[in-house]
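Here is a short report for a first look at this protein model. Keep the sequence and the 3D view open while reading.

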Amino acid sequence: MIVTPSLGQDMSLTEQRAAGLSGQWREGQGTVTRGPDGKVVFLFGQVQPSVVCSPLHVCDIELEPGEIVRDVLLGDTVRWKVEPATSGAPGGQAVHLIVKPSEAGLVTSMVVTTSRRTYHIQLKSHGTHYMARVGFEYPEDINARFAEVAARMEASIVPGAGVPADQLNFSFSMSGTARWRPTRIYSDGLKTYVQFPSALSGQDAPVLFVVSGGENRIVNYRLNGTMMVVDYHIDHAILVSGVGRSQQKITIRRGG
């Protein structure tokens, strides 16, 4: 009588689907690049990285500097050995996992838990081919670099204008005194931006008149916090607050 080896218990449709999704992640063709000093770099979390090692050689799996390893769990602890090593200055050291298979043709899995994340890695052994150095690129690091670039770009943008400072015209002069005297005035060629002190209150907000043809004319503008945005390229204007003896007035001229 021939006995057919059992493949295990029958799985439900949900279990089959879940196992299939896990298989797609394990067998997925993720992004792999070459890093410094011949390092093979995987994008962490994209797929399960497959690290190929070879007998009589070592695979060096380098983790993120400052990352503390909690546990290293191997599916096959008899034919695979993992030893720790470190590099770098104290306070920013990187942990290295030195992986060595005892023979070719082996496949197992390894789980590494750290202070920052959990690595799920597939290990394979080959008679001649192997990855000497392996590392990871982390999505949060990439996002942080983009955020840094965005912050630098935003820092070069003057509030309200939405364009770089080197594209603005700051050549405005002011005369007069007022407790709300603007801190700076600039134009992007279409609109004029009047920046008031942070202490400006709604009751103190002045009214703006554009001087044209010897007359004071009201133009469209809006006050957003301490920023007055005027839908006009001002040449000559007056800011007025109060009446009578308590009236305060600032005269603005472009290029003056």
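How many residues lie between β6 and β7 in their hairpin? There are six. In the turn, G88 has a positive phi of about 95°. Note that this is a predicted model.

**Around β7**

Start with β7, which covers residues 94–101. Seven of its eight residues are buried, so the strand is mostly covered. β7 has antiparallel bridges to β6 and to β4. The table sets out these two pairings.

| Strand paired with β7 | Bridges | Residues facing each other |
|---|---|---|
| β6 (residues 80–87) | eight | A85 and H96 |
| β4 (residues 59–62) | four | D60 and I98 |

In general, the strands of a sheet pair through backbone hydrogen bonds, in either a parallel or an antiparallel way.

**The nonpolar cores**

β7 also gives two or more residues to the largest nonpolar core. That core has 21 residues. Those with the most contacts inside it are V51, I61, M110, I121, L123 and F136. Other elements giving two or more residues include β3 (50–53), β8 (107–114), β9 (118–125) and β10 (133–137).

Look at L123 in particular. Beyond its neighbours within four places in sequence, L123 is in contact with V51, L74, W80, V99, L106, V107, T108 and M110.

A second core is separate and has 17 residues. Among them are L208, V210, V230 and L239. In soluble globular proteins, nonpolar side chains tend to be buried together.

**An open sheet of four strands**

Now turn to another part of the model. Four strands form an open sheet, in the order β12-β13-β17-β16, with antiparallel pairing. Why do β12 and β16 each have one side without a neighbour in the sheet? Both stand at the edges with a single partner strand, so one side of each is left without a neighbour. β12 spans 184–187 and β16 spans 221–224. From one strand to the next, the twist averages 15°.

β16 is joined to β17 (residues 227–230) by four bridges, and the two run antiparallel. Within this pairing, L223 has M228 in β17 as its bridge partner.

**A residue in β19**

Finally, find T251. This residue lies in strand β19, residues 248–254. Is T251 buried or exposed? Its relative accessibility is 16%, and the cut-off for buried is under 20%, so T251 counts as buried. Setting aside residues up to four places away in sequence, T251 touches S173, M174, S175, H236, A237 and I238.

Terms used:
Residues are numbered from 1 along each chain as its sequence is written. This is a predicted model: local features need pLDDT of at least 70, side-chain atom pairs count only at pLDDT 80 or more; totals for chains, interfaces and linings use all residues. Side-chain values use heavy atoms; hydrogens and water are left out. Buried means under 20% relative accessible area, exposed over 50%, partly exposed in between (1.4 Å probe, protein chains only). Contact means heavy atoms within 4.5 Å. Two strands pair if DSSP finds at least two bridges between them. Axes are lines fitted to C-alpha atoms, for helices over the stretch in contact, and angles run from 0 to 180 degrees between N-to-C directions. A nonpolar core is a set of buried Ala, Val, Leu, Ile, Met, Phe, Trp, Tyr and Cys residues joined through side-chain atoms within 4.5 Å.
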